Amino acid sequence: MRIKNMGLRGLAVADTKISFIDGEKGILIYRGFRIEDLAKSSNFMETAFLLLMGRLPDKSEAEAFQRQVVQARRVPAFVLETLRLLPSNAHPMDVLQATVPLLAMADPDLRDETRDGNVRKAVRLIARLPVVIAAWDRIRKGKDIFDPNPSLGHAANFLWMLHGENPSASMARALDVCLVLHADHTFNASTFACREVVSTRAHMYAGVAAGVGALSGELHGGANARVMEMLKSLENVDDVAGWVRGRLDRKERIMGMGHAVYKTTDPRANILKEISARLGEETGQPQWWRISKTIEEVALEELEKRGKKDIKPNVDFYSASVYHVMGIPADLMTAIFALSRIAGWCAHIIEEKFAEAQEKPMLYRPTAEYVGDYCGLVGCTYVPPEEREQAAGVPSA
Ligand code: COA
């Protein structure tokens with residue numbers, strides 16, 4: 001089979017029981033549950049349990065899981081000391097990617113390849129990535145870092161560690177919903193990277209480090225930071241509509257719009273749009289949501305005129321304004337995505353390692369068609385450097 005230059009679009013490379021997308025209808029499901037229902041009624045801790053364990057927890061299981069995550073929040077001192085050695089202009093995603101192997105070195109279950117051992121690693125990763133990111137933001141600004149507060153929930157504790165003050169209940173809930181929305185998304189680029197790496201039997205942290213790297217790109221998780229840059233650049237622009245038209249005329253992309261799978265509105269964007277409007281008003285910063293809405297309206301109209309009516313806001317479009325009013329800097333926004341997606345990555349890594357959705361574990365090993373210069377199967381004649389003429393050994397075209 002030969003599928004080239006299509007970025008593997010539409011090609012099923014594995015079976016999975018973790019999540020499902022209907023890109024035509026705009027449906028996203030985690031382990032059987034619609035994303036709208038989880039965003040309305042669940043929370044990130046419960047959703048993480050659902051992704052990892054395949055079912056919702058009962059009350060005592062949910063409490064025990066929350067307790068385990070809270071207890072695992074303490075990041076080993078050597079990791080925090082290492083963060084202090086890094087250049088303060090290092091990008092948070094590079095810092096996060098560099099920190100994952102350090103966390104691996106501190107994990108007593110690193111080589112425990114049982115399912116339980118991997119779940120314990122997942123719990124530590126879920127607990128510690130937020131601590132690392134909040135600590136890095138403070139360290140790079142020359143500020144003291146705050147210890148995690150065990151009485152606060154996952155999202156509230158992150159905002160506490162970032163700002164040193166307790167967030168309002170409404171803001172903490174909004175961030176928690178964002179974490180639910182970003183927790184998994186089938187075989188996106190970063191999840192595939194995680195699965196590909198652990199298919200070699202590398203440990204969970206090696207897979208997660210690859211996932212962080214893949215997420216950092218602007219066509220994937222890096223888009224939310226680019227959306228915020230776009231909103232900031234438009235804060236004092238009167239003619240936002242003209243700016244959008246100009247950009248599309250120049251064939252430039254509007255960040256936070258379009259999706260490789262959704263051909264209609266991303267269901268997560270609808271939920272984030274509401275949160276963006278509400279939090280914007282509550283925090284006295286409605287301008288970001290208003291600029292976003294104008295961009296969306298004009299872009300949809302203009303794209304339709306250009307025969308591209310499939311390009312709609314994705315998860316990054318409204319999350320940028322949501323995070324901004326929470327006081328989260330633009331270059332930290334992709335790391336917030338990672339704090340949530342870690343739950344999905346770990347669930348997929350476990351599914352991959354234990355072949356939970358297919359017959360047996362399988363090493364990913366695609367092939368590529370060789371289109372380079374060659375001298376036939378006999379190979380080119382090796383000429384010593386001193387005897388080589390320009391282009392020696394390479395047949396002329
Ligand atoms: N704004 C304007 N035009 C866009 C666009 C956007 N956000 N996204 C895609 N297009 C256009 C492309 O320019 C291309 O036009 P052309 O055929 O005239 O060259 C066409 O739509 C197809 O683009 P392609 O990149 O092949 O589509 P895709 O479905 O593979 O792209 C994304 C998916 C996400 C990579 C793409 O929509 C994008 O770059 N979006 C912006 C980045 C972003 O928000 N990423 C986060 C994804 S969750």
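Helices (H or I, at least four residues) and strands (E, at least two) are taken as DSSP runs numbered from the N terminus. With that convention I placed Ala355 in the segment after helix 16.

The model is predicted, and I accepted local features only at pLDDT of at least 70 and side-chain atom pairs only at pLDDT 80 or more, while totals for chains, interfaces and linings use all residues. Residues are numbered from 1 along each chain as its sequence is written, and side-chain values use heavy atoms, without hydrogens and water.

**Entry 1. Domains**

I first looked up the domain assignment (bounds from an automatic or database assignment). The chain is divided into domain 1, covering 19–221 + 329–354, and domain 2, covering 224–323. I found 26 Å between the C-alpha centres of domain 1 and domain 2. For the interface I counted contacts (heavy atoms within 4.5 Å). On the domain 1 side 29 residues take part, and they meet 27 residues of domain 2.

**Entry 2. The largest pocket**

I then turned to pockets (open sets of points on a 1 Å grid over the protein atoms alone where a 1.4 Å probe fits, with protein on both sides within 12 Å along at least five of seven lines; lining residues have an atom within 4 Å of a point). The volume, the space filled by probe spheres set on the points, is about 1700 Å³ for the largest pocket. Its lining comprises 45 residues, and Arg9, Leu219, His259, Ala260 and Val261 are the closest to the centre.

Where does the largest pocket lie with respect to domain 1 and domain 2? I noted that both domains give residues to the lining, so the pocket lies between them.

I also checked which elements contribute. Strand 1 (19–22), helix 9 (189–198), helix 15 (315–325) and helix 16 (333–353) each provide at least two lining residues. Strand 1 has the largest share, with three residues.

**Entry 3. The annotated positions**

In UniProt, an unreviewed entry lists His259 and Asp316 under "active site"; such annotations may be inferred rather than shown by experiment. The two positions span 58 residues in sequence, yet their C-alpha atoms are no more than 10.5 Å apart, so they gather at one spot. I confirmed that His259 and Asp316 both belong to the lining of the largest pocket.

I examined His259 further. It sits in the loop between helix 12 (240–249) and helix 13 (267–282). Is His259 buried or exposed? I recorded a relative accessible area of 25%, so His259 is partly exposed (buried is under 20%, exposed over 50%, partly exposed in between, with a 1.4 Å probe and protein chains only). Beyond its neighbours within four places in sequence, His259 contacts His185, Asp266, Arg268 and Asn314.

**Entry 4. Lys309**

I located Lys309 in the loop between helix 14 (287–305) and helix 15. Its relative accessible area is 53%, so Lys309 is exposed. Residues up to four places away aside, Lys309 touches Leu303 and Glu304. From Lys309 to Val100 I read 209 residues in sequence and 40 Å in space, C-alpha to C-alpha.

**Entry 5. Backbone angles**

Most residues other than glycine have a negative phi. I therefore inspected Arg31, which is not a glycine and has a positive phi of about 45°. Arg31 is in the loop between strand 2 (27–30) and strand 3 (33–34), and at 16% relative accessibility it counts as buried. For Ala355, phi is likewise positive, near 45°. I recorded Ala355 as buried, at 13% relative accessibility.
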